[in-house]
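Hello,

Here is the structure I said I would pass on. My notes on the pockets and the sheet follow below it.

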Amino acid sequence: MRTYDIVTIDGDGIGPEVCQSAITVLREACGERLRFTAAEGGAAHHLKTGAVLPDDTFAACRDAHAILHGAAGLPGVTYPDGTEVGNDLHLRLRFRLDLYANVRPIRLLRGVTSPLAGWQPGQIDYVIVRENTEGLYASRGAGINLRGEVATDTLVMTRKGVERVARFSFELARRRQGAPRDGRRRVTVCDKANILRSYAFFRAVCDEVAAGYPDVEIDHAYADAITVHMLKKPDCYDVIVAENMFGDILSDLGAGTVGGLGIAPSAEVGDAHGLFQGAHGSAPDIAGQNLASPVATILSGALMLHWLADRHDDADLRAAGERVDRAVEAVLAAGHTVPRDLGGNASCSAMTEAVCRQLGA
Ligand code: IPM
Ligand code: MN
């Protein structure tokens, strides 16, 4: 049986707790098939050593089968330009490993109540695919602050970058069952093509890619309008593809409609590497108190198993990923062990133990 080398980066704040929780669950689901190696990185590491992403950590990530991450970033740990140091852990890995698709499932699970009145599990089930290496983030560390009077950041779109994230989105739609409302496979291109040439370019390149997928419907939504649609008709969405900054914002809005960031997983993948982490931050205010919900990171671990299974045609790993997904949803649906962000009082360790028990059931 094939084994996989997984590099783990606990990071800052609640990162260690939720990352270790996910490792515990993945070991329960996969036994010895995953070999975990811990690596350093994040804002606290920067304070100690000056390195937010040490060279040996980057090398380990580059050479591993996948990367599992807790969270990074500490308030007040910033560069002289005011931007946060901890975020460079993610961003440097995204850019240097070319993790161009940030895959963010938005799914209402059984046992979770949506803040959108009347929506039931199964009715909200779509994926936001966020372009993850260019857009407005391309200017990270390159913006201009001129004498404290004028500041600019440049939004970058390349044909290569848009084509590959669009193709990724259409291929994903082909593997899904379509939007809950009508079962139609659909890619919604989110942009502001009416205002900026770069977004009109994004839309035009997506439309070119769509021509190769006659079996997948394409529609378009401006970034402002889609925020309303995501609240009023979430069941219309199957796959949404967006530029980096819009994807960052919309994925938090989407997560909010299905329970919040504590339940929102992410898979940041390219052609050769994958980084898996909850979409939430480091929540330093509750760090080290066993209060954090590990659900987003556990579900990100399941995404990692699915991704590895697809890459290596590993049916056992795919089954393990499905078992983890089902175990998390069964625990939430049972309602006995519910994390604090979902209205319960379960600790991080209690959630971990409940999911492991469910896996063994
Ligand atoms: C996310 C986060 C990151 C981002 C930060 C932590 C760099 O908000 O993954 O959504 O801005 O992309
Ligand atoms: Mn974000």
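I start with helix α4, which gives the most to the lining of the second largest pocket, at four residues. Please keep in mind that this is a predicted model.

The second largest pocket holds about 780 Å³ of space. Its lining is made up of 32 residues, and those nearest the centre are Asn87, Leu91, Tyr137, Arg140 and Asp248. Besides α4 (87-96), the elements that give two or more residues to this lining are β6 (144-146), β7 (150-152), α8 and β12. By class, the lining of the second largest pocket has 14 polar, nine nonpolar and nine charged residues. Domain 1 (1-98 + 272-361) and domain 2 (114-258) each supply at least three residues to the lining of the second largest pocket.

Now the largest pocket. Its volume is about 1,200 Å³. It is lined by 40 residues, with Val103, Pro105, Leu172, Leu303 and His306 closest to the centre. Two or more lining residues come from each of β4, β5, α5 (159-175), β11, α9 and α10 (315-334). The lining of the largest pocket divides into 21 nonpolar, 14 charged and five polar residues. Where does the largest pocket lie with respect to domain 1 and domain 2? It lies between them, because both domain 1 (1-98 + 272-361) and domain 2 (114-258) give residues to its lining.

Several of these strands belong to one sheet. Ten strands form this open sheet, with mixed pairing, in the order β2-β1-β3-β12-β11-β4-β5-β10-β8-β9. The edges are β2 (34-38) and β9 (217-222); each has a single partner strand, so one side of each is left without a neighbour in the sheet. On average, neighbouring strands of the sheet are turned by 25° against each other, direction ignored.

One pairing in detail: strands β5 (residues 125-131) and β10 (residues 239-242) run parallel and are joined by four bridges. Here Val129 stands opposite Val241 in β10.

Two helices that help line the pockets also pack on the sheet. Helix α8 (residues 244-257) touches β4 (101-107), β5, β8 (186-191) and β10, and its direction makes about 155° with that of β5. Helix α9 (residues 295-312) touches β1 (4-11), β2, β3 (66-71), β4, β11 (265-269) and β12 (274-278), and its direction makes about 160° with that of β12.

Regards

Methods
Residues are numbered from 1 along each chain as its sequence is written. Chains are lettered from A and ligands numbered from 1 in the order in which they are written. This is a predicted model: local features need pLDDT of at least 70, side-chain atom pairs count only at pLDDT 80 or more; totals for chains, interfaces and linings use all residues. Side-chain values use heavy atoms; hydrogens and water are left out. Two strands pair if DSSP finds at least two bridges between them. Axes are lines fitted to C-alpha atoms, for helices over the stretch in contact, and angles run from 0 to 180 degrees between N-to-C directions. Contact means heavy atoms within 4.5 Å. On a 1 Å grid over the protein atoms alone, a cavity is a set of points where a 1.4 Å probe fits but cannot get out, and a pocket is an open set with protein on both sides within 12 Å along at least five of seven lines; lining residues have an atom within 4 Å of a point. Grid points are joined across faces, edges and corners, and a volume is the space filled by probe spheres set on the points. Ala, Val, Leu, Ile, Met, Phe, Trp, Tyr, Cys and Pro count as nonpolar, Asp, Glu, Lys and Arg as charged, and the others, Gly among them, as polar. Domain bounds come from an automatic or database domain assignment.
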